[in-house]
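Student: I should like to go through this structure and ask what justifies each term used for it.

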Amino acid sequence: ISDQKPLGCWSVKHGQILTCPVVCNSETHEYIAVHDDKVLRIWKNEDMNLDKAFKATLSADVYRIHSLPQGGPLVLFRGGAVLTLDELLEAPQQEIENLISAEDIRWSGAFMEGQQPVLIFTAEKDGDFFVYVQKPKLSSLHKYKLERQESAKPLCFTAHITNQTVTLLCLYSNHSVYQVLIPLHQDTEEEEEEEEILSKSLLLNLSVSGAALKGTSLVVLDKDHVAVLGSLAAPGKKPTECLTIWNTKFQTLQTSKELPLGTSGQLWCYEEKFFLIHGKVLTVIMYKCETSSLAAAVGKLKDSQTLDVSSFVNWNTLEDEELVVSFQSQESVALKAESRMNLRSRSTGQSGTLSVGQLLLKLKDASTYVLETELRKLMAKPPTPDLQATIGCVVTALTDRCKKNPKYYPQNFLQEIVETRDLSYSLCPDLMAVALEKKDMHLLQICLERFPDIPEEIIYACLKAFLSMSEDHLKSIDVNLDSAICYVDVEFNDMEVKTEILENGFSAEMDQDMCDTKIPKESQSNGESCPVGLQKAALLNAVLHSAYTETFLLPHLKNLPARQAILFLRYLYYLYVKCSEKVNTTLPGIRSPTINQIMDWMCLLLDAQFTVMVMLPEAKDLLSNLHKFVRAQVWFYSELNKIEGSLRELQRLNHLRESQSYSIEVLEII
């Protein structure tokens, strides 16, 4: 999420509909989906086509699949039956028992109690709500009826299990949260004949400053805290959506945040992070729950060093309106404390010691010498869990100084930090923008090689900057040449064309025979020498190594000037020919481009610039040569496929032959 990069995308066919949320099996690292209610699909990350993934058609409609860390996936059918995924896959067409009659499931949740998975779901019939508790591995099922309330009805549910007791929390339409306690029975086979009616107790009245909070989603944070997403309608004011955190132990509102862009009404919680749709983006908000106390609940903590903070929420992501997760610690949040909401006092360590955020604020107007000296001291401290975030704040402080003072640019200091520290783009998002402005090609090269999460817009900006830089200017710049020096021809003199058949099956003579056209000596010569200098080649190689998503990069590549696009394609073609000269299709050197990277970029560039390439006379010979070379490669591998059967037979005969005997055999390949 922090990298803002899709890692995988799969689509069902036109007309098919995904009918329950997709889950991941943490044990096998497989994805499990159901489309059209009955069709089960299972696939892994490396599977590209969902249509070719494992498919099983079931005999009953699926309501939800739950994936537990240790218990494996559980499949809940609309009829109330629960099976483990393994049991279901043994006989996908097995008859599924219908346990509920004319009831509609409204919510379900899966939990681990010891070594046993427990599945709980609620169902509705004619205004009555029922709670089912199942232990699938023990074939145990218990049904309860929820106490009916005429003036209000349940909107959503959530639950947690503590000490053999299920705590079911119900958000009602009267702006209240009720609690229902359900003991987990120890019997294994018996089912209750009569429905037990569950009584509920009031847990929270959702009222903020006299205004009722109309909740739409409820999640449990820990035993003393819940989060409610809803709409706050103050008298005489327009309703506003907000996220609230409540202390259930003391029935107090801990904190809240307005969501002016609107939400989908859904809230998810996973590993101390909230996930919600805010406007058109997915927003992730970090939170931290500590031991609850009355002082914290009413906001009366006097000791700033105490860790007894009931809940700390980092609201920064909501103000940035982009898809991010803040990796910054509580201390680093203080860097932007002037404009950010500071919810709680935070620990500053020993008395008299400044936190990282406070130190950076103090150094805001310090001299350059003092700033760099203090930052080096900060970086020299022993490693801590927040070290990475601290280094990100150091880089941010330096780039902020660069933007305020155009004459200031600590090139060596920045290069040292990026080379020696494990950073990412999301920790210092302004660094590469400043490097582009200062035309610091070496720093950009290092960032491209080391940062895993560079946005496609920045990758394109680097590519354009590299291609537009003159060769003479690049010769005066210190650039790491390890990725290109082993194979790039530094001399641009005409070279004698090789006519022997190379290891991967391509030669100029064979290409002539195939295409019935004579390759001009000029174009053959161009294919043998690198179209760019050594420094530019090394910089372009750094771009080729960057991770990108084609959908996001393609629109930017369409804006690449025609001459730069042709130059880049010529360089890619040169690399492609170089790779194809050897059987292993691997270029020598450190961090040299791979054949897959070269092919992917070549296809991407042609997709983006195809119309321009076809129209420009300068690109005609290049496209023609590229077409001939690719066709020769296809022909060569096609011929290899024809003799594959004979080679397998030869290998088999070789195994059958007695090792002691000597013989000469003639094998006829047809």
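The discussion below sets values against the definitions behind the terms.

Tutor: Please keep in mind that this is a predicted model. The chain has 670 residues, of which 46% count as buried, and its secondary structure comes to 20 helices and 25 strands. About 35,400 Å² is exposed, with carbon and sulfur atoms supplying 51% of that area.

Student: Why is Leu640 called partly exposed?

Tutor: Buried means under 20% relative accessible area and exposed means over 50%. Leu640 has 36% relative accessibility, which falls between those limits, so Leu640 counts as partly exposed. Leu640 is found in helix α19.

Student: What makes the nonpolar surface patch, and which elements give two or more residues to it?

Tutor: The patch is made by Tyr637, Leu640, Ile643, Leu647 and Leu650, and covers about 400 Å². Helices α19 (620-642) and α20 (644-656) are the elements that give two or more residues to the patch. A patch residue must have over 30% relative accessible area; Leu640, at 36%, therefore passes that cut-off.

Student: Why is strand β19 described as largely enclosed?

Tutor: Strand β19 spans residues 225-233, and 8 of its 9 residues are buried, so the rest of the structure largely encloses this strand.

Student: How do you know that β19 is paired with β18 and with β20?

Tutor: At least two bridges are needed for two strands to pair. Strand β18 (residues 211-222) is joined to β19 by 9 bridges, and 8 bridges join β19 to β20. Both counts reach the cut-off, so β19 pairs with β18 and with β20. β18 and β19 run antiparallel, as do β19 and β20. As examples of residues in register, Ser217 has Leu229 in β19 as its bridge partner, and His225 stands opposite Asn247 in β20.

Student: How many residues lie between the strands of each hairpin here?

Tutor: There are 2 residues between β18 and β19. Between β19 and β20 there are 6, and Gly236 in that turn has a positive phi of about 80°.

Student: What makes β20 and β21 a pair?

Tutor: Strand β20 (residues 240-247) and strand β21 (residues 252-258) are joined by 6 bridges and run antiparallel. At least two bridges are required, so β20 and β21 count as a pair. Leu243 has Lys257 in β21 as its bridge partner. The two strands form a hairpin with 4 residues between them, and Gln251 in the turn has a positive phi of about 55°.

Student: How do you know that Cys462 is in no disulfide?

Tutor: The structure holds 0 disulfides. For Cys462, the nearest cysteine sulfur belongs to Cys447 and is 8.0 Å away. A disulfide requires sulfur atoms within 2.5 Å, so Cys462 is in none.

Student: Are Cys462 and Cys242 buried or exposed?

Tutor: Cys462 has a relative accessible area of 0%, and Cys242 has 4%. Both values are under 20%, so both residues are buried.

Student: Why is Gln415 called buried, and which residues is Gln415 in contact with?

Tutor: Gln415 has 11% relative accessibility, which is under 20%, so Gln415 counts as buried. Gln415 is found in helix α8 (residues 411-420). Leaving aside neighbours within four places in sequence, Gln415 is in contact with Asp440, His442, Leu443 and Ile446.

Technical notes:
Residues are numbered from 1 along each chain as its sequence is written. This is a predicted model: local features need pLDDT of at least 70, side-chain atom pairs count only at pLDDT 80 or more; totals for chains, interfaces and linings use all residues. Side-chain values use heavy atoms; hydrogens and water are left out. Patches are made of residues with over 30% relative accessible area and no salt bridge: like charges are joined within 9 Å, nonpolar side chains (Val, Leu, Ile, Met, Phe, Trp, Tyr) within 5 Å. Accessible areas come from the Shrake-Rupley method with a 1.4 Å probe; for residues, only the protein chains shown count as cover. A salt bridge is a side-chain nitrogen of Lys or Arg within 4 Å of a carboxyl oxygen of Asp or Glu. Buried means under 20% relative accessible area, exposed over 50%, partly exposed in between (1.4 Å probe, protein chains only). Contact means heavy atoms within 4.5 Å.
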